[in-house]
Amino acid sequence: MGSINALRGTKDILPAEVGYWQQLETIAYQTFARAAYQEIRTPIFEQTELFARGIGEATDVVGKEMYTFTDRGDRSITLRPEFTAGVVRAFIQHSLGSQGSVQRLWYAGPVFRYERPQAGRQRQFHQIGAELIGNGSPAADVEVIAIATDILQQLGLKSLKLDINSVGNQEDRSNYREALINYLTPYKAELDSDSQDRLTRNPLRILDSKNENTQTIVQNAPQLLDYLSETSRIHFEQVQGMLNALEIPFTINPRLVRGLDYYTHTAFEIQSDDLGAQATVCGGGRYDTLVEQLGGKPTPAVGWAMGVERLILLLEKLQTRSPETPAVYVVSRGDQATSQAMVLTQKLRSQNIAVEFDLTGANFKKQFKRADNSGAQVCLVIGDAEAEATTLNVKWLATQAQTTVTQAEFLNTIETFRAQLQDHLGQG
RNA sequence: GCGGGUGUAGCCAAGUGGUUAAGGCAUCGGAUUGUGGUUCCGACACUCGCGGGUUCGAGUCCCGUCAUCCGCCCCA
């Protein structure tokens with residue numbers, strides 16, 4: 001076949017499933033609006049250095065998953081592998097925090113990672129996320145988590161688990177890192193090969209290895225929570241207290257270590273049991289040093305991102321959504337009739353009634369068959385005879401009841417017609 | 001990047017080296033040239049993801065490649 005297909009790891013979102021996307025986007029948009037969050041849109045590509053510095057050179061995302069290329073001006077460009085770095089860059093560039101005010105931001109759009117695709121993992125995928133920049137209180141962490149759980153709940157997604165942890169501040173973490181390396185080094189030979197590599201590069205990630213042997217070794221490792229400073233511990237406890245007050249169930253997972261370098265203090269993840277290996281549906285945390293790291297003033301911040309495709313997978317399992325159907329199907333035959341029918345159709349549409357117009361001019365049998373398949377409640381029919389008399393037939397498909405009215409009268413009583421449609425909708 | 005499974009029409013598929021590649025759904029045409037959801041008839045894969053090889057003969061076996069799925073890694 002000489003035809004061209006969508007690239008590996010990319011997908012077309014077809015009409016049959018786009019309803020789920022719209023549902024998700026609508027709910028997210030309304031939830032953000034209620035919480036006084038404003039949308040921000042940043043470029044899809046940025047200087048490579050932004051991500052290298054922001055996400056961390058040692059991370060897998062930067063090390064092996066970025067779509068990086070050189071443009072015609074010899075600049076190194078990268079398709080965004082996540083939103084936070086770009087949003088923070090915009091925050092700094094436009095001095096959004098200059099008044100010392102809090103910025104509550106949300107975003108939605110595609111991101112790109114060069115990975116091997118599997119269920120719930122694509123090379124171009126979509127995220128919806130929130131960033132609260134300029135406030136370091138535990139209440140900020142909780143606000144952001146509450147918005148995430150609110151959205152998921154409105155989507156009707158049950159059996160999701162919220163895990164939280166604290167990775168402390170940078171000092172806590174470097175102390176802990178040292179302790180962990182000291183503990184693990186004697187076992188080095190017994191660790192799985194991935195974990196051996198991570199021992200120097202990113203030892204905290206060894207904690208969540210899936211290798212059984214590694215897990216038994218890690219059982220007795222020192223705990224990150226024991227290395228938290230007084231202020232870090234208090235912060236974490238306050239977060240937990242407020243989550244309890246909001247009756248948002250959570251589990252403390254001391255092994256939860258997120259893969260991006262910028263996290264401090266609170267880290268959290270929301271997972272589903274119904275997605276196989278790619279279980280995380282929402283991930284986020286606090287990142288108090290990132291703004292400064294990217295050249296801004298020291299500014300605390302917290303945020304999360306949701307994976308849209310993974311949520312859609314869950315929604316599809318949960319619901320059978322009927323596709324959008326028109327209320328009215330218009331059938332016509334003959335040039336004059338078709339012209340009159342088109343005028344009627346546009347009038348109805350301008351009155352906010354959903355109308356599908358049959359363009360085929362085929363015999364009435366065919367057109368009625370399509371009318372039936374369309375799911376419309378009512379058929380408007382204009383043939384040669386009706387065109388001659390400037391009338392039309394109104395046929396209710398469920399009852400087969402058909403009446404003839406003049407086109408002028410039909411347009412004058414369009415509100416009555418709409419009410420009849422509502423009645424039929426109501427009977428469902 | 002590593003390990004394993006799969007790939008026949010728009011969709012679901014039968015096919016286990018031998019004449020013209022079952023069947024179902026959907027679609028289109030007709031029976032019924034102005035009225036639907038039923039029924040009946042007909043059409044719909046010069047070819048089995050793509051390329052090469054073995055063989056008298058390949059959808060079927062082998063190699064490569066692409067895509068997809070599962071797991072690892074990682075993340076949303």
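**Entry 1: Terms and model.** I count Ala, Val, Leu, Ile, Met, Phe, Trp, Tyr, Cys and Pro as nonpolar, Asp, Glu, Lys and Arg as charged, and the others, Gly among them, as polar. I call a residue near a strand if one of its heavy atoms lies within 4 Å of it. The model is predicted, so local features need pLDDT of at least 70 and side-chain atom pairs count only at pLDDT 80 or more, while totals for chains, interfaces and linings use all residues. Residues are numbered from 1 along each chain as its sequence is written, chains are lettered from A and ligands numbered from 1 in the order in which they are written, and side-chain values use heavy atoms, with hydrogens and water left out.

**Entry 2: The surface near the RNA.** I looked up which classes of residue form the surface near RNA strand B, and I found 23 charged, 16 polar and 12 nonpolar residues. Of the 51 residues around the strand, Arg113, Arg198, Arg258, Gly259 and Leu397 come nearest. On the RNA side, 55% of the atoms within 4 Å of the protein belong to sugar or phosphate, and the rest belong to bases.

**Entry 3: Helices and strands.** I take helices (H or I, at least four residues) and strands (E, at least two) as DSSP runs, numbered from the N terminus. Several elements each supply at least two residues of the surface near RNA strand B, among them helix 3 (60–64), strand 6 (124–133) and helix 7 (193–201). Helix 13 gives the most, with 8 residues.

**Entry 4: Polar contacts with the RNA.** I use "polar contact" for a pair of N or O atoms within 3.5 Å; within protein, one must be able to donate a hydrogen and the other to accept it, and residues adjacent in sequence count only if both atoms are side-chain atoms. The side chain of Arg205 has an N or O atom 2.5 Å from a phosphate oxygen of RNA strand B. Lys365 places a polar side-chain atom 3.4 Å from a base oxygen of the strand. For Gln402, I noted 3.0 Å between an N or O atom of the side chain and a base nitrogen of RNA strand B.

**Entry 5: Thr200.** Is Thr200 buried or exposed? Thr200 is in helix 7, and I record this residue as exposed because its relative accessibility is 62%, where exposed means over 50%, buried under 20% and partly exposed in between (1.4 Å probe, protein chains only). The C-alpha atoms of Thr200 and Arg177 are 9.6 Å apart, with their positions 23 residues apart along the chain.
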